[in-house]
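Here is a small set of exercises to work through with the structure open beside you. Try each task first, then compare your route with the worked solution.

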Amino acid sequence: MKKITVILAVILLPLFGFSQSMFDKYEDMDNVGTVVVNKAMIDLVTHIGEMSDDPEAKEFMEAAEGLKSIKVFITEDQGVSSEMAGTVKKYLKSSSMEELMRVKDKDVNVKFYIKNGKKKDHVSELLMFVSGMKNIDVDMKGRKFETVLVSMTGDIDLNKIGEITNKMNLPDELKKADKGE
C-alpha cells in the first residue's frame with residue numbers, strides 16, 4: 001500500500017505546480033550560458049541589502065523581496081536560438097501571459113511578457129526574450145550572443161520595478177514605452 005501511495009505522489013506532484021519550467025532544459029545544454037538565482041539566494045541578498053545605508057540599494061532590495069527565481073539563458077548558437085524561439089512561442093500559447101511591450105531596432109527584437117498577479121500592478125511572472133543580437137557589437141570576451149531569455153517569477157511589483165528602471169540609463173524609446181507613449 002505504501003508503494004502505491006508513493007507512486008501516486010510522484011505521478012501527481014507535477015500537477016500541483018512543482019514541475020520544472022519549459023525552459024529548464026536549456027540549463028544542461030553546452031551551447032547555452034545559464035544563470036539561475038533561487039529564492040534562498042534572493043533572500044540572502046535581500047537580507048544583506050537591508051543592512052546597507054544606501055537608499056538605492058534598499059529600493060532594489062524591496063523590489064527583489066517578492067522574487068522566487070530569476071533564470072537567464074544566453075546562446076550564440078543559431079540552432080539553439082531557433083529552438084528557444086519555438087519554446088517561448090509554445091509557452092506563451094499554453095500560459096496566460098500577455099505581451100507587455102516590444103522593441104525592434106535593426107535586427108534586434110526585445111519582447112516583454114507578463115502573467116498577472118494577485119494584486120493590481122503586480123505580476124507573477126515577467127518574461128523577456130531578446131533575439132537577433134548576433135550583429136551587435138557587445139564586448140563579451142569576443143562572443144557574439146544571438147538570443148537572451150530571462151524569466152522572473154514571484155510577486156513582482158511593477159511600480160517598484162518602474163522606479164528602478166527610471167533611475168537607470170535606458171534608451172529614450174524604452175522610457176517612453178514604460179509611460180505608455
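Helices and strands here are DSSP runs, with at least four residues for a helix and at least two for a strand, numbered from the N terminus. By that rule, Met 128 is found in strand β5. Please keep in mind that this is a predicted model.

**Exercise 1. Take stock of the chain**

Task: Find how many helices and strands the chain has, and how they follow one another along the sequence.

Solution.
- Step 1: Count the elements, and you should reach six helices and six strands.
- Step 2: Read along the sequence, and the pattern is α-β-α-α-β-α-β-β-β-β-α-α.
- Step 3: Turn to burial, where buried residues make up 31% of the 181 residues.
- Step 4: Look at the surface, whose accessible area comes to about 12,400 Å², with 57% of it belonging to carbon and sulfur atoms.
- Step 5: Consider the contacts with a separation of 6 or more: residues 24 or more positions apart account for 60% of them.

**Exercise 2. Order the sheet**

Task: Work out the order of the strands in the open sheet, and say which strands stand at its edges.

Solution.
- Step 1: Recall that strands of a sheet pair through backbone hydrogen bonds, either parallel or antiparallel.
- Step 2: Start with β1 and β2, which pair in the antiparallel sense over seven bridges; within this pair, Thr 34 stands opposite Phe 73 in β2.
- Step 3: Move on from β2 to β6, an antiparallel pair joined by eight bridges, where Val 72 has Val 150 of β6 as its bridge partner.
- Step 4: Go from β6 (residues 147-157) to β5 (residues 122-131), which are antiparallel and joined by nine bridges. Ser 131 finds its bridge partner in Thr 147 of β6.
- Step 5: Continue to β4, which pairs with β5 in the antiparallel sense over eight bridges; here Lys 111 has Phe 129 of β5 as its bridge partner.
- Step 6: Finish with β3, joined to β4 (residues 108-116) by seven bridges in an antiparallel arrangement. Arg 102 stands opposite Lys 111 in β4.
- Step 7: Put the pairs together, and the open sheet of six strands reads β1-β2-β6-β5-β4-β3, with antiparallel pairing.
- Step 8: Identify the edges: β1 (32-38) and β3 (98-105) each have a single partner strand, so one side of each is left without a neighbour in the sheet. From one strand to the next, the twist averages 10 degrees.
- Step 9: Add the helix α2 (residues 39-50), which packs on the sheet and touches β1 and β2, its direction making about 65 degrees with that of β1.

**Exercise 3. Compare two hairpins**

Task: In the hairpins of β3 with β4 and of β4 with β5, find how many residues lie between the strands and which residue has a positive phi.

Solution.
- Step 1: In the β3 and β4 hairpin, two residues lie between the strands, and Lys 106 in the turn has a positive phi of about 60 degrees.
- Step 2: In the β4 and β5 hairpin there are five residues between the strands, and Asp 121 takes a positive phi near 65 degrees.

**Exercise 4. Place a serine**

Task: Decide whether Ser 69 is buried or exposed, and find its side-chain polar partner.

Solution.
- Step 1: Locate Ser 69 in strand β2 (residues 67-75).
- Step 2: Apply the cut-off for buried, which is under 20% relative accessible area. Ser 69 has 11% relative accessibility, so Ser 69 counts as buried.
- Step 3: Follow the side chain to Thr 153, where a polar contact of 2.8 Å joins the two side chains.
- Step 4: List the surroundings: leaving aside residues up to four places away in sequence, Ser 69 touches Val 37, Asn 38, Ile 42, Ser 151, Met 152 and Thr 153.

**Exercise 5. Map the nonpolar cores**

Task: Find which members of the largest nonpolar core touch the most other members, and which elements give two or more residues to this core.

Solution.
- Step 1: Among the 18 residues of the largest nonpolar core, Leu 67, Val 130, Met 133, Val 148, Met 152 and Ile 156 touch the most other members.
- Step 2: The elements that give two or more residues to this core are β2, β4, β5 and β6.
- Step 3: Look for a second, separate core: it has 14 residues, including Tyr 26, Val 88, Leu 127 and Leu 149.

Notes: Residues are numbered from 1 along each chain as its sequence is written. This is a predicted model: local features need pLDDT of at least 70, side-chain atom pairs count only at pLDDT 80 or more; totals for chains, interfaces and linings use all residues. Side-chain values use heavy atoms; hydrogens and water are left out. Buried means under 20% relative accessible area, exposed over 50%, partly exposed in between (1.4 Å probe, protein chains only). A polar contact is a pair of N or O atoms within 3.5 Å; within protein, one must be able to donate a hydrogen and the other to accept it, and residues adjacent in sequence count only if both atoms are side-chain atoms. Contact means heavy atoms within 4.5 Å. Two strands pair if DSSP finds at least two bridges between them. Axes are lines fitted to C-alpha atoms, for helices over the stretch in contact, and angles run from 0 to 180 degrees between N-to-C directions. Accessible areas come from the Shrake-Rupley method with a 1.4 Å probe; for residues, only the protein chains shown count as cover. A nonpolar core is a set of buried Ala, Val, Leu, Ile, Met, Phe, Trp, Tyr and Cys residues joined through side-chain atoms within 4.5 Å.
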